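Colleague: I'd like to learn how to read the contacts in a model like this one. Could you walk me through it, feature by feature?

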Amino acid sequence: MKHILKILVNNHPGVMSHVSGLFTRRSYNIDSIAVGVTDNPEISSMVIVVKGDDSVVEQVKRQLLKLPDVIDVEDLAYHDCISRELVLVVVQCSDANRTEIISICEVFQARIADLTKTTFTIEFSGNTRQVNHFLEMMQKYGIEEIARTGQIALRYRS
Amino acid sequence: MSKSEAKITGARLMVELLEEYGVDIVFGYPGGAILPFYDELYKSTKIKHILVRHEQGAIHMAEGYARSTGKLGVCIATSGPGATNLVTGLTDARLDSVPILAITGQVATNAIGTDAFQEADIYGITIPITKYNALIKSADDIARHFEEATLIALGGRPGPVLLDFPKDVQTELTNVRKSSKLKINPRHYQKPPIGGDLDAFAAALNKAKRPLLYVGGGAINANASKEIRELAEKGNIPVTTTLMGIGAFPGTHKLAVGMLGMHGTAYANKAVLECDYILNLGARFDDRVAKPGEFAENAVRAHIDIDTAEFNKRVSVDHIVHGDLKEVLKVLIPKVEKVDRSSWLEYLDTIRKNHPLEFDDSSDSIKPQAFLQKLFEKSKGKAIVSTDVGQHQMWAAQYYLFDEANKWLTSGGLGTMGYGLPAAIGAKFGNPNSTVICVSGDGSIQMNIQELATIAMYKKGVKILIFNNNFLGMVRQWQELFYEERFSESEWNYNPDFVKLGEAYSIKGMRVATKSEIDKAIEFFLEGDEARILEVMIPAEEKVFPMIPAGKSQKDMIEFSDAIRTGKK
Ligand SMILES: Cc1ncc(C[n+]2csc(CCOP(=O)(O)OP(=O)(O)O)c2C)c(N)n1
């Protein structure tokens, strides 16, 4: 089961190691981690995606709350949050398949950020499933390089 | 400029803050990066500095001081090797929830990260082993960090904190002497509101026919002994304690069934198997006590703790209350009914009679168990006892009974050999009028034996009992029982003459080897308020029983009688 943990922390150096250290100590594999400052410059938000059974993730949550620099921890279920991940991907292209790639990008609403004679650098954002799907589509043309940001997430407002 | 605005150095401020917090004793060892602080300490009339022989000694002394007095323990070390020598003690304090403030020197801020002389990233190193730590980059931040760190060390579930001070921060001038806004959430130091349904809790307890209280170190930290006694007596509920909980309930009380777990009493472990309700008071279902899925499996399990992360961590429980144990018990006790549980208590008495703590005392050699029984009698159970780690630790836990909290100092969670001697010294500084005994083994004592010098220098009347079996006894025991007597590296072929070693530090000593000498030895040992070394030669093959093999449950307990039957004795 995947968990998306949204963790609010004091924005100062060392907090990242405190938080990620808790995961390594329990030999937890972090799927992705994304950090950014919030509207309050003293507070950062970390979004960590982990796989693990509910009771163990609950343990980690409680351990996180014991860290003095952690302000709040929210366990977001996949279905009740908007999540996004940004990917930059360099895809090989030839004269023959150039238009094909462009039309796939249109369908996905992906942006072509740069091009050379032999490559496209494409920018795409979506939830993890969409990003994976997009990358799968690009695979057959030959991917040279990928950079992914890791997920960020917000709870849906009702 | 008004007086409060006058600038002082960071080091001066550090000393003033310690004084303000009522710290009157610190244990430490100087070095280059902490010299500005030591220079200010030199001028302080309120703080006594105890000079140790190794920084590990300093932090264990601070632990012994903290555990026996209930106050914050403070230790000081320089940067690099000084700071890394604190690592074992910090881990120890973390696992046993001891409030420690460690102050370390650091290379100057502009040298940090350059592999400068005596530089170690102690902040990074101690992240997983402190409750809180910080590298202080400006003298203006000192006041706030001090306040946060001490609040965190003592608040909630106590623990060690470390503050790292670069040398230039110690010499920098500041006029910020009071912390303005604290940056940490109050939940880290304020008592939490009681969370949980106490009525349901009490109802389940009242229904129980065979309830058991399972008391851990948290009960001592919460100062809840009085309430636990009230609860036990009102409900006629027997009490077992963990190694860390020893003393939280009087060991000689008729409701006491002794320690449970790996080397707990047979009657405590049987009580766990047969109870229908078990109430955990500030214990953590440690793996030396509880096997998940098998621990008290027929009982309703309930847990009161101040640390929510302990709930359902290893053993799942049916009822949970979050809060300060003392506060929770005050509310719970009036809801608990007076129930006649004499048949349960009688049953436990029978077990106690049929499965006592046993050893074979027929030979002429001294048995450590008999020796400790005698020591308990002669010291009237009044001493503060610290131990090292191994067989002697378990024998002491079994045979020296405590009626009060904060008198039993042992490294429970980490099992740190080398803890005993410095912890005893720290306790003696905190309790100058008490008899303080360190029970050690010939292996453990050599881990921090250099602190004999600290005893000699400050003329502290610490009593050091060394059970000498010329073996790493506990290792030997496991090898005998589980590794077909292959004594890989557990035999000592060489020990110093401990008595002569004591003499080198002007500490009087004695060595005994036969039963007939026990009385005389104990008399010599306890006499006056002078330090003593007593080396007691014991048989190498003596073992600690009962024993639950690692990873097994109460059902797999090996008793003395089983050991004789199977020829393992
Ligand atoms: C620092 C440290 N190293 C190793 C161990 C593993 N260990 C546990 S008990 C023990 C033997 C202790 O021997 P001794 O102090 O002579 O006590 P005895 O068991 O003989 O009473 C050892 C090596 C430990 N607990 N701590």
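Modeller: Happy to, and let's start with polar contacts between domains. This is a predicted model, and across the interface of domain 1 of chain A and domain 2 of chain A there are two residue pairs in polar contact, both at pLDDT 80 or more.

Colleague: Which elements supply the side of domain 1 of chain A that touches domain 2 of chain A?

Modeller: Four strands of chain A each supply at least two residues to that side: β1 (2–10), β2 (30–37), β3 (43–51) and β4 (70–76). Sorted by class, the side of domain 1 of chain A that touches domain 2 of chain A has six nonpolar, three charged and one polar residue.

Colleague: How many salt bridges are there between domain 1 of chain A and domain 2 of chain A?

Modeller: The count there is one salt bridge. For a case to look at, take A:R155 and A:E74, which form a salt bridge with their closest N and O atoms 2.7 Å apart.

Colleague: Where do the two domains begin and end in chain A?

Modeller: Domain 1 covers 2–76 and domain 2 covers 82–155. Their C-alpha centres lie 28 Å apart. Ten residues from domain 1 of chain A and seven residues from domain 2 of chain A take part in the contact.

Colleague: And how much area is buried between domain 1 of chain A and domain 2 of chain A?

Modeller: About 670 Å², with carbon and sulfur atoms giving 57% of it. On the side of domain 1 of chain A, the residues that lose the most area to domain 2 of chain A are A:A34, A:V47 and A:L76, together 41% of what that side buries.

Colleague: Can we step back to the whole of chain A? How many helices and strands are there in chain A?

Modeller: Chain A has four helices and nine strands. Reading from the N terminus, the order is β-α-β-β-α-β-β-α-β-β-α-β-β. The C-alpha atoms of chain A fill a box of roughly 60 × 35 × 30 Å along the principal axes.

Colleague: Now the interface between the chains. How many residues of chain B are in contact with chain A?

Modeller: On the chain B side, 19 residues are in contact with 16 residues of chain A. The area buried between chain B and chain A is about 1400 Å², and carbon and sulfur atoms give 48% of that. Of the area that chain B buries against chain A, B:I127, B:R187 and B:A309 supply 29%, more than any other three residues.

Colleague: What is the count of polar contacts and salt bridges there?

Modeller: Between chain B and chain A, twelve residue pairs are in polar contact, both residues at pLDDT 80 or more. The salt bridge count between these chains is one, and you can find a salt bridge where the side chains of A:K66 and B:D307 meet at 2.5 Å, N to O. By class, the side of chain B that touches chain A has eight nonpolar, seven charged and four polar residues.

Colleague: How many salt bridges does the structure hold over all chains?

Modeller: There are 49 over all chains. Another one to look at joins the side chains of A:E100 and A:K140, at 3.5 Å from N to O. This pair links distant parts of the chain, 40 residues apart: A:E100 is in helix α3 (residues 98–108) of chain A, while A:K140 is in the loop between α4 (128–139) and β8 (143–148) of chain A.

Colleague: On to the ligand. Which residues around the ligand come nearest?

Modeller: Of 17 residues around the ligand, the nearest are B:Q391, B:H392, B:G415, B:G443 and B:S444. A polar side-chain atom of B:H392 is 2.8 Å from an oxygen atom of the ligand. B:G443 places a backbone N or O atom 2.8 Å from an oxygen atom of the ligand, and B:M417 has a backbone N or O atom 3.4 Å from a nitrogen atom of the ligand.

Colleague: Last one: how do I read unusual backbone angles?

Modeller: As a general idea, most residues other than glycine have a negative phi, and most peptide bonds are trans. Here, B:Q118 has a positive phi of about 55° although it is not a glycine. You will find B:Q118 in the loop between β5 (100–106) and α6 (122–125) of chain B. For the peptide bond, look at B:F545 and B:P546, which are joined in cis with omega about -5°. B:P546 lies in the loop between β20 (532–537) and α22 (560–565) of chain B.

Technical notes: Residues numbered from 1 in each chain as written. Chains lettered and ligands numbered in written order. Predicted model: local features only at pLDDT ≥ 70, side-chain atom pairs only at ≥ 80, totals over all residues. Heavy atoms only, no water. Domains from an automatic or database assignment. Contact = heavy atoms within 4.5 Å. Buried area = accessible area lost by both parts, 1.4 Å probe. Salt bridge = Lys/Arg side-chain N within 4 Å of Asp/Glu carboxyl O. Polar contact = N/O pair within 3.5 Å; in protein donor to acceptor, adjacent residues only side chain to side chain. Nonpolar A, V, L, I, M, F, W, Y, C, P; charged D, E, K, R; others polar. Near = heavy atom within 4 Å.
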